[in-house]
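Trainee: May we go through this structure together? I would like to ask about it piece by piece.
Mentor: Certainly; please begin wherever you wish.

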Amino acid sequence: MALSHQARRHILLILSHPGGELPSGYLATRFQHSWPTTTRHLGVLEKAGLVEVRRQGRSSHYRVNRERLSRLVGGWLDHLRPPTPEQKWVSSGPRSTRALAKSTRALTKSTRTRAKSSRALGLQGSGKTTKSKRKGRRR
């Protein structure tokens with residue numbers, strides 16, 4: 001969630017290049033949005049543990065928590081690694097497009113059957129409008 005917004009990812013990039021820490025005012029001037037918006041983004045990053053803050057008087061200095069960021073991004077990248085020969089991916093879907101088409105036809109047929117049953121029981125209108133009903137709507 002913390003990395004979902006482009007501004008927060010940009011803040012991490014800005015903080016990572018100098019290698020040290022930067023004051024919040026410096027970070028706020030790098031964006032076109034307002035200072036409170038930058039402060040909110042920094043708060044989200046701090047809450048996620050991706051940045052650390054050192055408060056000095058009225059100013060706050062931020063730096064990247066590289067270890068936490070590395071674990072977070074590294075864990076996500078693990079999902080993108082190709083499977084080894086020992087691992088096997090099992091699909092939960094149909095084995096072929098023919099099976100998919102067959103299941104789709106069966107679903108469509110059962111939906112039509114339920115609609116016919118509902119109309120027969122009077123639970124649903126037939127969908128047809130008589131001439132008198134149409135005239136009544138216009139008036």
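Trainee: Is Arg 63 buried, partly exposed or exposed?
Mentor: This is a predicted model. In it, Arg 63 is partly exposed, because its relative accessible area is 35%, which lies between the limits of 20% and 50%.

Trainee: Which side chain meets Arg 63 in a salt bridge at 3.0 Å, N to O?
Mentor: That is the side chain of Glu 21. The pair links distant parts of the chain, with Glu 21 in the loop between H1 and S1 and Arg 63 in strand S3 (residues 59-64), 42 residues apart.

Trainee: And which residue forms a salt bridge with Arg 63 at 2.9 Å?
Mentor: Glu 52 does, and the 2.9 Å is the distance between the closest N and O atoms. This pair, too, links distant parts of the chain: Glu 52 belongs to strand S2 and Arg 63 to strand S3, eleven residues apart.

Trainee: Why does Glu 52 count as partly exposed?
Mentor: Glu 52 is placed in that class because its relative accessibility is 31%, and the class runs between 20% and 50%.

Trainee: Which residues are joined into one network by salt bridges that share partners?
Mentor: The network consists of Glu 21, Glu 52, Arg 54 and Arg 63.

Trainee: Where does Arg 54 come in, then? What does its side chain meet in a salt bridge?
Mentor: The side chain of Arg 54 meets that of Glu 21, at 2.3 Å from N to O. Here Glu 21 sits in the loop between helix H1 (6-16) and strand S1 (22-23), while Arg 54 is in strand S2 (residues 51-56), 33 residues apart.

Trainee: Are Glu 21 and Arg 54 buried, partly exposed or exposed?
Mentor: Glu 21 is partly exposed, with a relative accessible area of 26%. Arg 54 is partly exposed as well, at 35%.

Trainee: Why can such side chains pair at all?
Mentor: Side chains of opposite charge can pair when their charged atoms come close.

Trainee: How many salt bridges are there in the whole structure?
Mentor: A search of the whole structure finds five.

Trainee: New topic: which residues form the nonpolar patch on the surface with about 470 Å² of accessible area?
Mentor: Leu 72, Val 73, Trp 76, Leu 77 and Leu 80 form that patch, and the area given is their combined value. Leu 80 is located in the loop between helix H4 (66-78) and helix H5 (97-120). Leu 80 is exposed, because its relative accessible area of 55% is over the limit of 50%.

Trainee: And Thr 39? Where is it found?
Mentor: Thr 39 is in helix H3 (residues 35-47). Thr 39 is partly exposed, with a relative accessible area of 39%. Its C-alpha atom is separated by 9.4 Å from that of Gly 25, which is 14 residues away along the chain.

Trainee: Finally, the overall picture: how many helices and strands are there?
Mentor: The protein chain has six helices and three strands, in the pattern α-β-α-α-β-β-α-α-α along the sequence.

Trainee: What share of the residues is buried?
Mentor: Of the 139 residues, 19% count as buried. The accessible surface of the protein chain comes to about 11,600 Å², and 55% of that belongs to carbon and sulfur atoms.

Note on methods: Residues numbered from 1 in each chain as written. Predicted model: local features only at pLDDT ≥ 70, side-chain atom pairs only at ≥ 80, totals over all residues. Heavy atoms only, no water. Salt bridge = Lys/Arg side-chain N within 4 Å of Asp/Glu carboxyl O. Helix = DSSP H or I, 4+ residues; strand = E, 2+ residues; numbered from the N terminus. Buried < 20%, exposed > 50% of the residue type's maximum accessible area, 1.4 Å probe, protein only. Patch = residues over 30% accessible without salt bridge, like charges linked within 9 Å, V, L, I, M, F, W, Y side chains within 5 Å. Areas by Shrake-Rupley, 256 points an atom, 1.4 Å probe, with all protein chains shown as cover.
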